[in-house]
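Me: I would like a close look at one part of this protein, and after that an account of how its surroundings fit together. Please take the salt bridge pairs as the starting point.

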Amino acid sequence: MIVDALLDIGRFFINPVFYIALLVSVLLGYFRVKKERKLFRTRIVWGWTEFVGMLKDGWLFALILSILFAGIGLTVPVEWLIALSIVSIVVMISGYYHVGSFVYLALGAVVLGWLMKANGWSLNFGFLTYNGYAISWEWLLPVALIAGAVVAVEGWLIQKRGEVSASPDLQKSARGMTAAFYTAKRLWLLPVLLVVPGSLLESYAPYWPQLPIGESSFSLMLFPVVFGFQSRARKTLPVYLFPVIGKWVLWLGGAIAVLALGSLLWAPMALAALGIGAAGRLFITIYFVMKERQGNNAVAPQAIGVMIVDVLPDSPADKMGLVRGEVIRKVNGLTVSNETELYEAIQVNAAHCRLEVLDHNREVRLRQHVIFRHDHHRLGLIIAN
């Protein structure tokens with residue numbers, strides 16, 4: 001029994017969504033590092049951050065959702081899961097993660113399956129031919145509830161983990177100076193256990209174990225749920241912007257689930273919940289894009305000191321507790337206004353370097369750290385010049 005169970009779980013790795021997600025997450029880190037080296041001649045964040053985060057960030061939520069969905073008995077057709085796989089792969093390959101939210105993917109899968117059935121289209125994958133499906137109010141309720149729950153998890157991950165790999169980029173400010181903005185592009189994967197009707201799954205995967213319940217049979221399928229996030233922070237620092245976006249998305253997920261429950265009174269409400277959810281997610285994206293385009297860059301050269309674009313991990317600056325968006329006003333008692341003055345001031349007393357820093361609230365705080373000999377040019381700061 002244990003061997004059979006391991007084999008059944010192992011079939012999760014047959015789904016191409018899993019492998020494409022792994023490849024895309026590696027490429028996200030690769031191209032980010034490549035851009036950072038081109039702009040700043042150094043890597044700012046570890047290149048495997050996106051890959052590790054995709055696998056690690058959501059495993060606890062995957063376990064909770066699996067228990068929740070299986071416990072409630074939310075049953076979804078395998079045809080929808082096939083359509084969801086197709087839509088997920090297309091979005092991942094496109095790299096346009098503004099439409100990577102799970103509510104878009106879930107609704108896209110519903111529309112794709114319906115269009116194929118309505119127009120008599122088919123896709124031949126060799127081992128199966130996919131013809132789509134007719135929309136049924138019975139399984140749209142579980143789909144909408146699952147979408148709401150996953151979107152809520154998506155919001156939490158954006159809120160807590162969206163800023164981790166936000167990478168700086170450069171642009172000209174309104175005054176013609178070089179200013180910075182930050183781009184976040186993430187992909188998350190949740191291996192979620194879903195319940196599908198046994199009779200449907202049998203035609204696609206007859207080897208899969210069947211669980212008889214009364215006169216009906218159902219199957220448990222471990223499915224790779226994938227969703228993405230992409231945003232740009234210009235007016236607001238990522239540490240403040242992404243938690244707000246995440247909070248909005250989290251509440252949207254709850255709203256989708258509540259609206260979906262309305263289908264118990266009016267069946268089409270489940271489809272309406274998906275449509276309203278997609279419209280709400282689009283509104284959140286457009287609202288914050290427009291908001292970030294207004295006003296000045298949060299990180300730009302300052303007359304009052306040296307603006308920090310970013311801090312290299314494990315560097316002396318990182319150990320001092322310096323963060324992006326802060327302004328170094330004085331070093332060893334000397335006022336500094338550019339990178340050259342900064343490093344010249346460090347050499348005055350590198351053995352006991354003292355910095356006067358203005359934090360995000362423009363309040364003064366003092367930091368100090370030992371800079372070893374010949375390390376004064378490796379403080380670990382990316383500066384706005």
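Are Asp310 and Arg324 buried or exposed?

Reply: Asp310 is buried, and Arg324 is buried as well, where buried stands for under 20% relative accessible area, exposed for over 50% and partly exposed for what lies in between (1.4 Å probe, protein chains only). This is a predicted model, in which local features need pLDDT of at least 70 and side-chain atom pairs count only at pLDDT 80 or more, while totals for chains, interfaces and linings use all residues. Residues are numbered from 1 along each chain as its sequence is written, and side-chain values use heavy atoms, with hydrogens and water left out.

The side chains of Asp310 and Arg324 meet in a salt bridge at 2.6 Å, N to O, the term being used for a side-chain nitrogen of Lys or Arg within 4 Å of a carboxyl oxygen of Asp or Glu. This pair links distant parts of the chain, 14 residues apart, since Asp310 belongs to strand β7 and Arg324 to the loop between α11 (316-320) and β8 (327-331). Helices (H or I, at least four residues) and strands (E, at least two) are DSSP runs, numbered from the N terminus.

Elsewhere, salt bridges with shared partners join Arg32, Glu36 and Glu50 into one network. Arg32 and Glu36 are both among the buried residues of α2, a list that also includes Val17, Phe18, Leu22, Leu28, Val33 and Phe40. An α-helix has 3.6 residues a turn, so residues three or four places apart point the same way. Helix α2 itself (residues 16-40) has 25 residues and reaches 36 Å from its first C-alpha to its last, close to the 36 Å expected at 1.5 Å a residue, the expected span being 1.5 Å times one less than the number of residues. At the start of α2, a side-chain oxygen of Asn15 comes to within 2.9 Å of the backbone nitrogen of Val17; after the helix comes Arg41, whose phi is positive, near 60°.

The structure holds nine salt bridges. In one of them, the side chains of Arg161 and Asp57 meet at 3.4 Å, N to O. Their positions are 104 residues apart, with Arg161 in helix α7 (residues 137-161) and Asp57 in the loop between α3 (49-56) and α4, and the pair thus links distant parts of the chain. The two partners do not fall into one accessibility class: Arg161 counts as partly exposed because its relative accessibility is 29%, whereas Asp57, with a relative accessible area of 12%, is buried.

Helix α7 also takes part in another such pair, in which the side chains of Glu154 and Arg281 meet in a salt bridge of 3.5 Å, N to O. Here Glu154 in helix α7 is linked to Arg281 in helix α10 across 127 residues of the chain. Glu154 is buried, with a relative accessible area of 0%, and Arg281 likewise counts as buried because its relative accessibility is 5%.

Between α10 (269-293) and β7 (306-311) runs the loop in which Asn297 is found, and this residue is buried at a relative accessible area of 13%. The side chains of Asn297 and Arg234 are joined by a polar contact of 2.7 Å, meaning a pair of N or O atoms within 3.5 Å, where within protein one must be able to donate a hydrogen and the other to accept it, and residues adjacent in sequence count only if both atoms are side-chain atoms. A polar atom of the Asn297 side chain also lies 3.1 Å from the backbone oxygen of Ala180. Leaving aside residues up to four places away in sequence, Asn297 touches Gln171, Ala179, Ala180 and Arg234, contact meaning heavy atoms within 4.5 Å.

Val110 lies in helix α6 (residues 102-119) and is buried, with a relative accessible area of 1%. Not counting residues up to four places away in sequence, Val110 touches Trp80, Tyr133, Ile135, Trp139, Leu140, Val143, Leu271 and Leu274. Val110 and Leu274 are 164 residues apart in sequence, yet their C-alpha atoms are 9.6 Å apart in space.

For the chain as a whole, the secondary structure comes to twelve helices and twelve strands, and 49% of the 385 residues are buried. Of the contacts with a separation of 6 or more, 70% are between residues 24 or more positions apart.
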